[in-house]
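Grab a pencil and work through a few exercises on the structure below. Try each task before you read its solution.

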Amino acid sequence: MQVYPAHEAVVGRFTVRRALPQRTRRTVGAWCFADHLGPADVTEESGLDIGPHPHCGLQTVTWLLDGRVLHRDSLGSEQVIAPGQLNLMTAGHGVAHSEEATGRYRGRLEGIQLWIAQPERTRHGQPAFEHHAALPQAEITGAGTATVLVGSFADVRSPARHDTDLVGVDLDLHGRASLALRPDFEHALVVLRGAVAVAGQVLRPGHLLQVDPGADELDLRVTEPARVMLLGGVPFDEQIRMSWNFVARTPAEIDAAYASWTAADGRFGTVDSPLAIVPAPARVRTARAPN
Ligand code: MN
């Protein structure tokens, strides 16, 4: 097990805690990106305010603890998401989307934005969008509730699409918990609220705990009522390359994705959004904040 600190970045108008990727830990299963957004205050007209931008080779997972966000994409989807609901967008060879104020909601906004790298088998495929208005839950005896976003946990299975063998769970915990893990998975915990202790180490928001394959159980002691994301999967055996909002395999593929977005050649489609399009950043050798 190893604890990594999240680093702060700016996405839209929000400061985020980025738990993945880490310099020495790029993926956990196929999970390749984790941004904890907020909490921050939004208004009817001013929210995340991330204008249309492109993705390829990944799925975006949007999960809120508080607030509302309006998702629009180049497939024509227009979907408000609320806490307990899942937005899952599959980019495949290319999609664009925006994340906007709803025109109605005013108050706190907090959530996590995750990316899942698509395997070779599906990453060149068609884009898709799923909204799940409710997800299955499992009781963790004496400890709280697990909501299964993707994959299976405690004999409960999410209906969400997944292209590799993985799991994503939101744990709402108030007691001592013993989590059953699949030993062929590697796992990570990302604490969103409160605090938990694992093997004597206290984890708070801004920490990622990575657990190697081989463990079939993880014991947590809740020191403050907590919301914790459990992410896991079979180690992703394809060497990915991430740049801006793209996941690919080669520099040439990344170059082509930047060029297509800049040229607006139709690969990523268009989003019917009142927000300004996010231009591709200048290509420099430092990592860029994705949207
Ligand atoms: Mn995005």
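**Exercise 1. Find where Asn87 sits, and say whether Asn87 is buried or exposed.**

Step 1: Asn87 belongs to strand β9, residues 86-90. Strands here are DSSP runs of E with at least two residues, helices are runs of H or I with at least four, and both are numbered from the N terminus.

Step 2: Asn87 has 2% relative accessibility, so it counts as buried. The scale goes like this: buried is under 20% relative accessible area, exposed is over 50%, and partly exposed lies in between, using a 1.4 Å probe and protein chains only.

Step 3: Now look at the side chain, which makes a polar contact of 2.8 Å with the side chain of His131. (A polar contact is a pair of N or O atoms within 3.5 Å; within protein, one must be able to donate a hydrogen and the other to accept it, and residues adjacent in sequence count only if both atoms are side-chain atoms.)

Step 4: Skip the neighbours within four places in sequence, and Asn87 is still in contact (heavy atoms within 4.5 Å) with several residues, including His71, Gln79 and Phe129.

Before you go on, keep in mind that this is a predicted model: local features need pLDDT of at least 70 and side-chain atom pairs count only at pLDDT 80 or more, while totals for chains, interfaces and linings use all residues. Residues are numbered from 1 along each chain as its sequence is written, and side-chain values use heavy atoms, with hydrogens and water left out.

**Exercise 2. Work out which strands pair with β7, and how well β7 is covered.**

Step 1: Strand β7 spans residues 69-73, and 5 of its 5 residues are buried.

Step 2: In a regular strand, side chains alternate between the two faces of the sheet. For β7, Val69, His71 and Asp73 lie on one side and Leu70 and Arg72 on the other, and both faces are covered.

Step 3: β7 pairs with β8 (residues 78-81) in the antiparallel sense over 4 bridges; to count as a pair, two strands need at least two DSSP bridges between them. Leu70 stands opposite Val80 there.

Step 4: The hairpin of β7 and β8 has 4 residues between the strands, and Gly76 takes a positive phi near 95°.

Step 5: β7 is also joined by 4 bridges to β10 (residues 95-100), again antiparallel. Arg72 has Ser98 as its bridge partner in β10.

**Exercise 3. Explain why β17 is called largely enclosed, and find its partners.**

Step 1: Because 7 of the 8 residues of β17 are buried, the rest of the structure largely encloses this strand.

Step 2: β14 (residues 144-150) runs antiparallel to β17, with 6 bridges between them. One of the matched pairs is Thr145 with Asp172 in β17.

Step 3: β22 (residues 217-233) is antiparallel to β17 too, over 8 bridges. Here Leu173 has Ala226 as its partner in β22.

**Exercise 4. Place Thr122 and find the polar partner of its side chain.**

Step 1: Look in helix α1, residues 120-123, for Thr122.

Step 2: Thr122 has 12% relative accessibility, so it counts as buried.

Step 3: The side chain of Thr122 is joined to that of Asp163 by a polar contact of 2.7 Å.

Step 4: Beyond its neighbours within four places in sequence, Thr122 is in contact with Gly92, Arg161 and Asp163.
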